[in-house]
Structures are given as structure tokens and as C-alpha cells.
Amino acid sequence: MRFSASIFYPKKSRQFDFTLSEKLTYYSLIAIISYILLLLFIETSFGCDISKYAYCVLIIPVITYFIGGGIRLNEYENLNGYFIGTISFEEDFLIIDNKPYSYSKIENLILYGNSYSGQRNENTNSGPIYSNGINNLISFNYEGEKISRNFKLDSERHIDELQLVLLDIITNEKIPYQRNYLNLINTEHRSYIKFELFIAKLIKEKRMECTEGLLLIGYDSDTDAKELRAKYCC
């Protein structure tokens with residue numbers, strides 16, 4: 001089982017690089033508020049009776065505001081960085097920037113891999129709706145060196161491919177076992193028989209408590225729990 005993804009290098013914080021829809025939305029709001037405050041200031045400070053037609057000018061930023069709202073419906077977040085190289089999970093080692101890292105020597109693996117290109121993000125009121133799939137991270141220690149890279153996932157299927165690779169690496173203990181590595185496997189892939197059998201192995205070898213193992217495997221009823229307990233914990 002193999003997996004490959006593009007490495008992403010962030011260049012600057014997203015808050016300093018607005019997309020087109022964000023610029024139209026924020027600048028329009030600023031223009032509307034500033035213009036209204038200016039008219040109110042003139043009326044109160046100079047006693048001028050501002051014509052209601054003066055407020056008609058606001059139609060321009062209002063229209064711009066709604067245009068920004070329309071654009072965001074098909075807009076992706078700005079990259080704010082660049083792609084160079086790939087990260088690849090091979091049979092017995094991980095390759096980053098053409099340099100191999102043996103799974104057996106990797107320590108303290110941390111991996112976030114749930115963001116994919118085209119995924120709807122959490123922006124509900126303004127800004128781009130779709131993610132570029134670059135908010136993914138792999139980090140680990142290797143022979144005294146700290147390695148950390150962001151990478152891109154292209155689709156939900158790409159996430160599935162990553163999960164299958166992690167399932168293989170962790171359950172076959174190609175990487176030295178650590179309890180927190182099990183958290184890298186999502187709920188869907190914990191239902192695989194390969195994961196269940198690995199948990200059973202940990203329980204039988206006294207490397208994991210039975211109750212904790214059964215909770216990781218998951219069950220739908222007390223009857224299922226009793227069956228699993230009888231199967232793996234006795």
C-alpha cells in the first residue's frame with residue numbers, strides 16, 4: 001500500500017492575503033459605514049440638512065457587497081505558499097524531498113490529514129467556501145532531528161488512501177508502537193477487521209486493557225460488547 005502527496009510550504013498568514021470575495025465584502029462594509037458616519041457628522045456638526053438622495057450613493061457598495069457574497073460560493077481559499085516536492089509512504093520507509101526515513105526509526109509521529117481540496121470550510125458568513133486541502137501536517141523525530149511538513153490532500157479518496165497506509169504501518173508495527181498512534185486512524189477505518197485483530201493482539205499481550213480495547217473497536221450494544229469481551233479478553 002502506497003501513498004503520495006505534494007508538500008506545501010506556507011509563505012504568510014492567510015489574514016494578510018484576502019481573496020476577491022473578502023476584499024469586496026470588507027471594503028464595501030467599510031465604505032458603507034464610513035459614508036454613513038460622514039453624513040451624520042456633517043449633519044450634527046454643521047447643522048446641514050443632508051438630502052436623502054445623498055444616501056443613494058450607498059447603492060454602489062451595497063451592490064459590491066452582494067457581488068462578493070456571490071463570488072464566495074465558488075471560491076477557494078488563497079494558497080499563501082507554494083508546492084515543492086512530495087511526501088510518499090512506501091512499503092518500509094517514508095520519503096520526504098527524496099530522502100528516505102525508515103519507519104522503524106521514526107519517533108513521536110504526529111499527523112493531521114483531514115483537509116482536502118474542495119472541502120467546505122467553516123466560513124459561514126464571508127470569505128471563500130472551499131478549502132485547498134493544505135491544512136495537513138506530518139511531524140516526527142528521526143535520529144535526533146525534528147522533521148515537519150505540510151502537505152495537500154486532493155480529495156476524500158486521498159484521505160482514504162492515507163488512512164489505509166496508516167492502518168498498514170501501525171497494525172503491522174512497521175513503526176514502533178505507541179498508544180497515541182491509534183488515534184491517527186479515524187472511526188471509519190477502526191471498523192476494519194485488520195484494526196480489530198491488532199487491538200485483540202494488544203489485549204492478549206497485555207499492552208492494552210480490555211475495556212479500552214473494546215471501546216476502540218466499537219460496539220453497538222451490550223450484547224456486542226459481551227461477545228467481543230468473550231472473544232478477546234478471556
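Select Arg-207 to begin: at 34% relative accessibility, this residue counts as partly exposed. The model on display is a predicted one. Keep Arg-207 in view and add Glu-173, for the side chains of these two residues meet in a salt bridge, 3.0 Å from N to O. Arg-207 lies in the loop between α5 (193-204) and α6, and Glu-173 in the loop between α3 (156-171) and α4 (187-190), so the pair ties together parts that are 34 residues apart in sequence.

Now add Glu-205 to the selection. A salt bridge also links Glu-205 with Arg-207, and here the closest N and O atoms are 2.7 Å apart. Glu-205 is partly exposed, with a relative accessible area of 41%. A further set of residues may be selected as a group: Glu-91, Asp-168, Lys-174 and Lys-194 are joined into one network by salt bridges that share partners.

**Backbone angles**

Return to Glu-173 and display its backbone. Phi of Glu-173 is near 50°, a positive value in a residue other than glycine. Most residues other than glycine have a negative phi. As for its surroundings, Glu-173 is partly exposed, with 25% relative accessible area.

Where does Asp-97 lie? Asp-97 is placed in the loop between β3 (93-96) and β4. Although Asp-97 is not a glycine, it has a positive phi of about 55°. The relative accessible area of Asp-97 is 31%, so this residue is partly exposed.

**Another salt bridge**

Select Glu-143 and Lys-105 next. These residues form a salt bridge whose closest N and O atoms are 3.4 Å apart. Glu-143 sits in the loop between β8 (136-142) and β9 (145-151), while Lys-105 sits in the loop between β4 (99-102) and β5 (106-112), so the pair ties together parts that are 38 residues apart in sequence. Is Glu-143 buried or exposed? Its relative accessibility is 61%, and Glu-143 therefore counts as exposed. Lys-105, by contrast, is partly exposed, with a relative accessible area of 43%. The structure as a whole holds 13 salt bridges.

**The disulfide**

Move to the cysteines and select Cys-210 together with Cys-233. A disulfide is a covalent bond between the sulfur atoms of two cysteines. Cys-210 and Cys-233 form such a bond, with their sulfur atoms 1.8 Å apart. Cys-210 belongs to helix α6 (residues 210-217) and Cys-233 to the segment after α7 (222-232), so the disulfide ties together parts that are 23 residues apart in sequence. The torsion about the S-S bond of Cys-210 and Cys-233 is about 80°, and the disulfide is therefore right-handed.

The two partners may then be coloured by accessibility. Cys-210 has a relative accessibility of 14% and counts as buried, because buried means under 20%. Cys-233 is partly exposed, at 26% relative accessible area. How many disulfides are there in the structure? The count comes to one disulfide. Another cysteine to inspect is Cys-56, which counts as partly exposed at 45% relative accessibility.

**The cavity**

Turn next to the interior space. The count comes to one cavity of 30 Å³ or more. The volume of the largest cavity is about 50 Å³. Which residues line the largest cavity? Select Phe-89, Leu-94, Tyr-103, Ile-106, Leu-109, Ile-138, Leu-166, Ile-169, Ile-170 and Ile-175 to display the lining. The elements that give two or more residues to this lining are β5 and α3. Of the elements, α3 gives the most, with three residues.

**A surface patch**

Show the surface and select Leu-29, Ile-33, Leu-37 and Leu-40. These residues form a nonpolar patch on the surface, and their accessible area together is about 360 Å². One of them, Leu-40, is found in helix α1 (residues 20-46). Leu-40 counts as partly exposed, its relative accessibility being 41%.

**A last stop**

Finally, select Glu-122, which is found in the loop between β6 (117-120) and β7 (130-132). Glu-122 counts as exposed, at 75% relative accessibility. To end the tour, add Ile-7 and display the C-alpha atoms of the two residues. Glu-122 and Ile-7 are 115 residues apart along the chain, and their C-alpha atoms are separated by 23 Å.

Terms used. Residues are numbered from 1 along each chain as its sequence is written. This is a predicted model: local features need pLDDT of at least 70, side-chain atom pairs count only at pLDDT 80 or more; totals for chains, interfaces and linings use all residues. Side-chain values use heavy atoms; hydrogens and water are left out. Patches are made of residues with over 30% relative accessible area and no salt bridge: like charges are joined within 9 Å, nonpolar side chains (Val, Leu, Ile, Met, Phe, Trp, Tyr) within 5 Å. Accessible areas come from the Shrake-Rupley method with a 1.4 Å probe; for residues, only the protein chains shown count as cover. A salt bridge is a side-chain nitrogen of Lys or Arg within 4 Å of a carboxyl oxygen of Asp or Glu. Helices (H or I, at least four residues) and strands (E, at least two) are DSSP runs, numbered from the N terminus. Buried means under 20% relative accessible area, exposed over 50%, partly exposed in between (1.4 Å probe, protein chains only). A disulfide is a pair of cysteine sulfur atoms within 2.5 Å. On a 1 Å grid over the protein atoms alone, a cavity is a set of points where a 1.4 Å probe fits but cannot get out, and a pocket is an open set with protein on both sides within 12 Å along at least five of seven lines; lining residues have an atom within 4 Å of a point. Grid points are joined across faces, edges and corners, and a volume is the space filled by probe spheres set on the points.
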